[in-house]
Amino acid sequence: MEKVIAEHIEITPGVCGGQPRIAGHRIKVQDVVIWSEEMGMSPDEILYHYPSITLSDVYAALAYYHDNREEIRLQIREDEAFATEMESKTPSLLQEKLKSRKNA
């Protein structure tokens, strides 16, 4: 039996942090999961926003997620924690500008 999902999902060290992604693209499986589950986008809506991928790619990403749910959920949590940490360390330039105007 031939494994077909390999045509759609690849993991390459040094590309997208070595996380699973749609083959030939920098769209990670976790991106598709977030768009689908957290943002409520349908596969067709995802294609509308990312026309360089195929419907098969979207479904392969979702299938990969369901086969590796804990791994993908952990990656999402780690990325969210990193973003929160960076946000707390890096003040918003817009907020700084607004504060300086308010104090002037």
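## A look around K28, helix 3 and an aromatic pair

Setting aside neighbours within four places in sequence, K28 touches C16, Q19, P20, R21 and D79. This lysine sits in the loop between strand 2 and helix 1. Is K28 buried or exposed? With a relative accessibility of 17%, K28 counts as buried, because the cut-off for buried is under 20%.

Keep in mind that this is a predicted model. The average pLDDT for the protein is 90, and 95% of the residues score at least 70. Confidence peaks in helix 2, at a mean of 97, and is lowest in helix 5 (residues 93–103), where the mean is 81.

Now for the rings. Searching the whole structure turns up one aromatic pair. The ring centres of W35 and Y50 lie 4.4 Å apart and their planes make an angle of 15°, so this pair is stacked. The two partners come from distant parts of the chain: W35 belongs to helix 1, while Y50 is in the loop between helix 2 and helix 3, 15 residues apart.

Here is how accessible three of the residues mentioned so far are:

| Residue | Relative accessible area | Class |
|---|---|---|
| K28 | 17% | buried |
| W35 | 12% | buried |
| Y50 | 30% | partly exposed |

So the stacked pair joins a buried tryptophan, W35, to a partly exposed tyrosine, Y50.

On to helix 3. Helix 3 covers residues 55–67, which is 13 residues, and spans 18 Å from its first C-alpha to its last, close to the 18 Å expected at 1.5 Å a residue. Which residues of helix 3 are buried? They are D57, V58, A60, A61, L62, Y64 and Y65. These buried residues pack against two strands and three helices. The strands are strand 1 (9–10) and strand 2 (21–22). The helices are helix 1 (29–38), helix 2 (43–49) and helix 4 (69–89).

Helix 4 deserves a second look. Two packed helices are described by the angle between their axes and the distance between the axes. For helix 3 and helix 4, the axes come within 5 Å and cross at roughly 100°. The two helices, helix 3 and helix 4, are therefore roughly perpendicular to each other, since angles of 65 to 115 degrees count that way. Where they meet, helix 3 contributes Y64, Y65, H66 and D67, and helix 4 contributes R69, E71, I72 and R73. Of the helix 3 residues in this contact, Y64 and Y65 are also among the buried residues of helix 3.

Technical notes
Residues are numbered from 1 along each chain as its sequence is written. This is a predicted model: local features need pLDDT of at least 70, side-chain atom pairs count only at pLDDT 80 or more; totals for chains, interfaces and linings use all residues. Side-chain values use heavy atoms; hydrogens and water are left out. Helices (H or I, at least four residues) and strands (E, at least two) are DSSP runs, numbered from the N terminus. The expected span of a helix is 1.5 Å times one less than its number of residues. Buried means under 20% relative accessible area, exposed over 50%, partly exposed in between (1.4 Å probe, protein chains only). Contact means heavy atoms within 4.5 Å. Rings of Phe, Tyr and Trp (its six-membered ring) pair if their centres lie within 6.5 Å; planes under 30 degrees apart count as stacked, over 60 as edge-to-face and the rest as tilted. pLDDT is the predictor's confidence in each residue, from 0 to 100. Axes are lines fitted to C-alpha atoms, for helices over the stretch in contact, and angles run from 0 to 180 degrees between N-to-C directions. Angles under 35 degrees count as roughly parallel, over 145 as roughly antiparallel, 65 to 115 as roughly perpendicular and the rest as oblique.
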